[in-house]
Structure formats: structure tokens, C-alpha cells
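Biologist: Could you take me through some of the labels used for this model, and set each value against its cut-off as we go?

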Amino acid sequence: MITAVELGLIYAIMALGVYLTFRILDFPDLTVDGSFTTGAAVASVGIVSGMNPWLATVLAFFAGMVAGTITGLLHTKGKIDGLLAGILTMIALYSINLRIMGKANTPLLGEETLISPLRAAGILGSWSSIGIFFVICLIFVGAIVWFLHTELGMAMRATGDNQEMIRSFGVSTDNQKILGLALSNGLVALSGAIIAQYQGFADVGMGIGLILIGLASVIVGQAIFTQRYIWLAALAVVFGAVIYRLVIQLALSVGLEVNDMKLISAILVVVALLLPKWKGFQKIVKTFKRTPAAVTAKEEVGTNA
């Protein structure tokens, strides 16, 4: 279970990237499946070549940004449908990732990675490592919340809410989409780079179906928690990623096979989408949202009456 939480917190960085496109830009970006592997491939090849793991991880982030920028350019300048633009980039990235790695799998056993100090200290797989990964996630959440409250970030939010309106104020929605896709896929690639170092290898197929994991994290987290405030919505994505990994771990513990993971993910997303529409769930959410002050005031009114 501790390993599941660790993985959930690392995948949460990817889920935050999906949150930027799916919730903020309202853009269905499938580049994620390719850019995740790109980040893993760039970081792994760099580390194996003797590069500092920090530098290799940063390069992975920028490689993901390039992938997102290509999708953005195909959509905005090439006038290609957003869904199709993401699919085209994802398909192209499969071959590019093979070119980067030179083979289907790049092992990192015996190499110095960002995870090596945790293993050497014997804290990997403990509550201490969970605390470290959680703090890292909080840093990314804080950075995203800060950015979305800047003038540029608010323009990006407005682009996702009402393109016509924000365009009337002279804001280039095309540039906002390109920037949002670049940042999103940069975070996705960064998560891929860390996952590769965590598990000790990069594989060309490790990103297949990843968009489903990202969507599950976003939808599950925000179905259980809230979207009222940006910081709560972003934090809900992190918890959603952890919940997703815990559900997968529980499913495997009761006897389901690894091959069933995609099916479990699909069912989880369906449940998360349908649950908020259930009246019983809505009542539960409203009960938790009632503040103590509101409850007290209501009781006082009843007493006076």
C-alpha cells in the first residue's frame, strides 16, 4: 500500500498536467500517452550516458513541452481538430521515443538517479518517502495555483471558459492553447522521467492508456472533493491520483490480474462520472459542505421561532 501511495503521488504530477488541459483549457489532449514515454526516454538515455540525473529530468520536462507545442501548433495553426492533433502527435512520438532510446527498453539498474539517495538511506517504501513525494506535489500544486492567478493564467482560464469573450479583449487564444499544452505535457513528461527512475527502466509502451489514468485521477478526485476553488481542485487531483493507485492495488490484492488494470480504470472513471449525478451522493456532498456557522444560525432561527 505504501508503494501504491508513492506511485500515486508521482503520477499526480502527470494528473496535474491533464488537469490543465482537461479542466482549465477544456481540451481533450491525447498527446499524454506519448509525452509520458518521451520524458522517461530522455531522462533514461541521459542518465545512462553519464548526465546528471537532475539535468536529465529537466531536459525531459522540456522535451514534453516541445511535444505539447507541436500538438498546439497542429490545432491552432494547422486548423486540425484538437483530438486528432493529439492522436497524430502521440503516434509520431512512438517512433521518436524508439529513436531516442535506440531500443524498446532502457534499464537504469546500477545508475545514479534522483531516487538513489532515498534507496541508499533506506527510506524508500516508508512514510518518510511518502512525506517527501507529498511535499513535492504540494510545490507543484502551489506553482500551478500561483500561475493560474496571474494575468497570463487567468487569460488561459478564460480561454477554456469562453474563447469568444476573451478574444474580444485582444487575447490570442491560440497562444494560450499552445502554452497550456506545452506546460501540461511538460508536467506529464516530468512524471514519466521520475517514474522511470523509480522503477529502474524506461519502456516504449509505458505510456499506453495513460490518459485514462490522468482522467481517472482528475475526475475521481474532484467528484469526491470539490472544484469550487482552484487550489482545492488542484489538490483534489493529487488525492485522486493516490486514490486511483490504492483502488488498483486493492483490485490486485483480491485476485484480479495485471491485465485487468485498464478495465478497472475504465470502470473507475465511469463510476466517478455517474456518482455526482446520483441524488444520494449529492445530498452527502451538501451535508459536508454545510458550515458549522450555517448550522448554528439555522438552529438559532428555529429556536427563536
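Biologist: Which residues is S35 in contact with, once its neighbours within four places in sequence are left aside?
Modeller: In this predicted model, S35 is in contact with A67, L93, N185, V188 and A189 when those neighbours are set aside. S35 itself has its place in helix 2, which covers residues 32-48.

Biologist: What makes the link between the side chains of S35 and N185 a polar contact?
Modeller: The distance joining the two side chains is 2.8 Å, and the cut-off for such a pair of N or O atoms is within 3.5 Å, so the label of polar contact applies to S35 and N185.

Biologist: Why is S35 called buried?
Modeller: Its relative accessibility is 0%, and buried means under 20%, so S35 counts as buried.

Biologist: How do you know that the aromatic pair of F133 and Y198 is edge-to-face?
Modeller: The angle between the planes is 65°, and planes over 60 degrees apart count as edge-to-face, so the label follows. F133 lies in helix 6 and Y198 in helix 9, so the pair ties together parts that are 65 residues apart in sequence. Both F133 and Y198 are buried.

Biologist: Why is the pair of F134 and F239 called tilted instead?
Modeller: The planes of F134 and F239 stand at 40°, and an angle that is neither under 30 nor over 60 degrees counts as tilted, so that is the name for this pair.

Biologist: What makes F134 partly exposed?
Modeller: F134 has 29% relative accessibility, and partly exposed covers values between 20% and 50%, so F134 counts as partly exposed.

Notes. Residues numbered from 1 in each chain as written. Predicted model: local features only at pLDDT ≥ 70, side-chain atom pairs only at ≥ 80, totals over all residues. Heavy atoms only, no water. Phe/Tyr/Trp six-rings, centres within 6.5 Å; stacked < 30°, edge-to-face > 60°. Helix = DSSP H or I, 4+ residues; strand = E, 2+ residues; numbered from the N terminus. Buried < 20%, exposed > 50% of the residue type's maximum accessible area, 1.4 Å probe, protein only. Polar contact = N/O pair within 3.5 Å; in protein donor to acceptor, adjacent residues only side chain to side chain. Contact = heavy atoms within 4.5 Å.
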